[in-house]
Amino acid sequence: MKKIRRRYLYFFCLILLTSCIEEQDFDQAKDLEIITDISGPILYVESPENLINDATDSNFISQNVNFDGFNAAIFSDRVISGSLNFQIENTTSKQIDFTLDFLDDTDTVIDSEFFSIPAAPPTVVINREIFYGPPSGRSIDIIKNTSSFQLSAVNNSDNTSVSNNNEPKVIFRSSGSFKLRLVE
């Protein structure tokens, strides 16, 4: 019985020694890419209709908002592509135009978006997604170089009408979703 076990053991060792093994390639780590998605809110502005009516000028919002999130090296050195999502909700009796300018650190406009929102009722909701980086045709450098936003809103209606909606207001929301290369 011991001779049979020994023969199997010798046979097993012989198979192990003569079997084919491939040499390990530890340089594969150089080809490793890790890409992640990050998302988050960017800008939120809300204006009730009475504030729009009280404005002495048709341009009732003109606000420059500093946003250094895109300039941080952890983001700008690694961002590949992404999108900005805009949602504008209008429950006022006003037809409103929004202009959002993307400004670099010298306050030069590097990109701009225009939104025209009709008056309510019914409640008007505008959704728009704008892509940056490949394959969109819009350079990701616009996002990398944005250090602030200039938001302007113009009332194209009168200053006396009031919507019959409860708490009429206009809301401008934006968020971003981006792909970042963490490891190259």
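Two strands are taken to pair if DSSP finds at least two bridges between them. With that in mind, the predicted model can be approached through its sheets. One of them is an open sheet of four strands, which follow the order β2-β7-β4-β5 and pair in the antiparallel sense. Strands β2 and β5 (109–117) form the edges of this sheet, each of them pairing on one side only. On average, and with direction ignored, neighbouring strands here are turned by 10 degrees against each other. Within the sheet, strand β4, which covers residues 96–103, pairs with β7 through eight bridges in the antiparallel sense. A residue to look for along this pairing is Phe-98, which stands opposite Ala-153 in β7.

A further open sheet of four strands has the order β1-β8-β3-β6, again with antiparallel pairing. Its edges are β1 (34–48) and β6 (124–132), and each of these strands pairs on one side only. Neighbouring strands of this sheet are turned against each other by 10 degrees on average, direction ignored. Strand β3 (residues 79–90) pairs with β6 over nine bridges, in the antiparallel sense. Asn-90 takes part here, and its bridge partner in β6 is Val-124.

With the strands in place, the aromatic side chains are a good next stop. A search of the whole structure finds twelve aromatic pairs. One of them joins Phe-70 and Phe-149, whose ring centres are 6.4 Å apart and whose planes stand at 80 degrees, so this pair is edge-to-face. The two residues come from distant parts of the chain, 79 residues apart: Phe-70 sits in the loop between β2 (59–66) and α3 (73–76), while Phe-149 belongs to strand β7 (residues 148–155). Are these two rings buried or exposed? Phe-70 has a relative accessible area of 3% and is therefore buried. Phe-149 is buried too, at 3% relative accessibility.

Phe-70 also forms an aromatic pair with Phe-178, with 5.5 Å from centre to centre and 75 degrees between the planes, an edge-to-face arrangement. This pair likewise links distant parts of the chain, as Phe-70 lies in the loop between β2 and α3 and Phe-178 in strand β8 (residues 169–183), 108 residues apart. Phe-178 counts as buried because its relative accessibility is 4%, where the limit is under 20%. Ring pairs join these residues into a cluster made up of Phe-67, Phe-70, Phe-75, Phe-102, Tyr-132, Phe-149 and Phe-178.

What surrounds Phe-70 beyond its ring partners? Leaving aside residues up to four places away in sequence, Phe-70 touches Ile-42, Phe-75, Ser-76, Leu-84, Ile-143, Lys-144, Thr-146, Phe-149 and Phe-178. In soluble globular proteins, nonpolar side chains tend to be buried together. The largest nonpolar core of this model has 33 residues, and those that touch the most other members are Phe-70, Leu-84, Phe-98 and Phe-172. Phe-98, met above opposite Ala-153, thus appears again in this core.

The loops hold some backbone details that are easy to find in the structure. Ala-120 and Pro-121 are joined by a cis peptide bond, with omega at about -5 degrees. Pro-121 has its place in the loop between β5 and β6. Another cis peptide bond runs from Pro-134 to Pro-135, with omega near -5 degrees. Pro-135 is located in the loop between β6 and α4 (141–145).

Positive phi values complete the tour of the loops. Asp-107 is not a glycine, yet its phi is positive, at about 65 degrees. This residue is part of the loop between β4 and β5. Its relative accessible area of 52% is over the 50% limit, so Asp-107 is exposed. Glu-167, also a residue other than glycine, has a positive phi near 45 degrees. The loop between β7 and β8 is where Glu-167 is found. With a relative accessible area of 65%, Glu-167 is exposed.

Definitions and conventions
Residues are numbered from 1 along each chain as its sequence is written. This is a predicted model: local features need pLDDT of at least 70, side-chain atom pairs count only at pLDDT 80 or more; totals for chains, interfaces and linings use all residues. Side-chain values use heavy atoms; hydrogens and water are left out. Rings of Phe, Tyr and Trp (its six-membered ring) pair if their centres lie within 6.5 Å; planes under 30 degrees apart count as stacked, over 60 as edge-to-face and the rest as tilted. Buried means under 20% relative accessible area, exposed over 50%, partly exposed in between (1.4 Å probe, protein chains only). Axes are lines fitted to C-alpha atoms, for helices over the stretch in contact, and angles run from 0 to 180 degrees between N-to-C directions. A nonpolar core is a set of buried Ala, Val, Leu, Ile, Met, Phe, Trp, Tyr and Cys residues joined through side-chain atoms within 4.5 Å. Contact means heavy atoms within 4.5 Å.
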